[in-house]
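Hi there,

Here is the structure I promised to send over. My notes on it follow below.

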Amino acid sequence: MTSATPSLGPLQAVPNEPSAFAEIRQETLALTRRLFVQLARRPSTLVAGVLQPLIWLVLFGALFANAPEGLLPGGGSYGRFLGAGVIVFTAFSAALNAGLPVMFDREFGFLNRLLVAPLRSRSSIVLASVLYITSLSLVQSLAIMVTAALLGYGWPGAAGLLLVLVTLLLLVFAVTALSLGLAFALPGHIELIAVIFVANLPLLFASTALAPISFMPIWLGWLAALNPLTFAIEPIRAAYGGSFHLSNVVLNAPYGDLSAATCLGILAALAVGLFLAIRPLLDRKLT
Amino acid sequence: MIELQHLSKQFGGGSRLTSVQALDDLCLSVPEGCLFGLLGPNGAGKTTALRILCTLLAPDSGSVTVAGLDGLSQPRAVRRLLGYVAQEVAIDKILSGRELLTLQGDLYHLPSVECKGRIGELIALLGMEEWIDRRCGTYSGGMRRRLDLAAGLLHRPRLLVLDEPTVGLDIESRAAIWQVLRQLRDQGTTVLLSSHYLEEVDALADRLAIVEAGQVIAEGTPAALKNALGGDRVTLRVREFSDAGEAARVQALLQECPGVRQVVVNRSQGYSLNLVVQDSDVIERLRRQLAAAELPVFALAQSRPSLDDVYLQATGRTLMDAELSVAGLRDPKVERKQSMR
């Protein structure tokens, strides 16, 4: 223990306040770094996160390898059809779970440390999770795409990669916002896990990840055509199908045909809407 | 520096049966540069008051002013100038202490070079060199507490708020924390700490407030509060262990003695007698009176009024009794939910 040092005195003059952007960047990056340090020291999440979709791809692809001829509209192989679904579903699951670490921070009191700090915006907590999950999803997606290519399911090309990046970013943003909103609204992690459990697989089955709308009963087709996962899956699937343009029709929904641009637009609107919707939850009574 | 006005806070809303009135019109004023102690038993509302002060909780009614800023309408400005060391130390087990401090520095928007230097200073000040780069999950209670104190001090706050900073700590860590708190005060930081240790508040605080059932029931410097009580305390044992009859007889005898204000039989201490006397001259009179009645004296101790006497006077019970009375009534699970945000 050293004797009195001048550094213990309080800081009287507040230095020039940095710009809002600089402050939000600093706090967001710090929070993101924490998530990555956690991942690096507990790599099992990453290993399982990469392996699981590959198992999906291989096992599900094999399960329907002998699917009857007219199942798929384009007439391609089922494995080629499945790739886009697995990519999107993997990113979706990761984003849906994004609220869990925040919930544990709430329960262990670590969140208080963030809330008592003069964060320029508590949205930084959301942005950090979005950055983290998106990066994770990209790694997973690359693994899926490479595996799919090795299995002979094709490769979407450079434009396809860019499309995957944009689509995943929008989807992850929307779902992460939703999950973090739940993490702030629900009483504890048991409830959050219950919601994730109930939402996860049904949303997968009620989307075009595993089968096209034309294969579904009418009511399920409607559900799938309204499911945000479908809007993310179809543009990526179209990129896998060869020459791709944003104005191409990628989804024949019961209510009309949607282009890739429309699908992405809907995802973007969803992301912005959910982000705005959960902000009051982040701020609670004190802003 | 701090003005809490008429704070009220109820938990558990809804039905009257389950709700708890944590704060009931609490008023508190802490001058700048003061080391201020908030003394009260567990469950008195200390933590709730500190959480409201630190903008973690909104009161049902009342106002919070810190350095002239309204805590309810300008919480971010208040957060900038205060450091908060919570009761339950929340750390990330995976991060090292240094990584946690770096994260904290970024949350307070310190420039990275300055932050690095500041962390180095605090490591030296709090003696954390040996273990600061180990993961927090391996730390002892004392290490965690020091790390948390460092985190609270990182941005050089004008006001440091500590909730029960030394509960369950080893003597060495406690002494280290006390020393730092004194240094902080000496160099101009306002320090507000809550405690249910009389000794801690007596040793540290320039001023103190006694909190009971969500209200401040006494406030002042420790010396002034004790002096206001007046008189001296005397503990008398005629034998090592007396019986009830003898204690009652001695009580009756001494009550008549001039200068004796009060005689209480303390059954839990082998029927010893606790007296309040006007001044120290009364002691000789007591001795003569006892000798005349041919009563022995096993022990006769005299003291100035203590903080515990202040507490007793203000609340009608000792702090230890207050602690015991709520010990079985509190539900840690419910309280944890209350502190969740």
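First, a term: helix angles under 35 degrees count as roughly parallel, over 145 as roughly antiparallel, 65 to 115 as roughly perpendicular and the rest as oblique. This is a predicted model, where local features need pLDDT of at least 70, side-chain atom pairs count only at pLDDT 80 or more, and totals for chains, interfaces and linings use all residues. Residues are numbered from 1 along each chain as its sequence is written, while chains are lettered from A and ligands numbered from 1 in the order in which they are written.

On confidence, chain A averages a pLDDT (the predictor's confidence in each residue, from 0 to 100) of 88, and 93% of the residues score at least 70.

Now the helix pair. Helix 3 (residues 78-96) and helix 7 (residues 157-185) of chain A (helices being DSSP runs of H or I, at least four residues) pack at an angle of about 30°, with axes 8 Å apart; the axes are lines fitted to C-alpha atoms over the stretch in contact, and angles run from 0 to 180 degrees between N-to-C directions. The two helices of chain A, helix 3 and helix 7, are therefore roughly parallel to each other. Residues in contact have C-beta atoms, placed from the backbone, within 7 Å. Those from helix 3 of chain A include Ile87(A) and Phe92(A), and those from helix 7 of chain A include Leu168(A) and Val172(A).

Finally, the contact between the chains takes 37 residues from chain A and 39 residues from chain B. Helix 1 of chain A gives the most to chain A's side, with eight residues.

Best wishes

Conventions: Contact = placed C-beta atoms within 7 Å.
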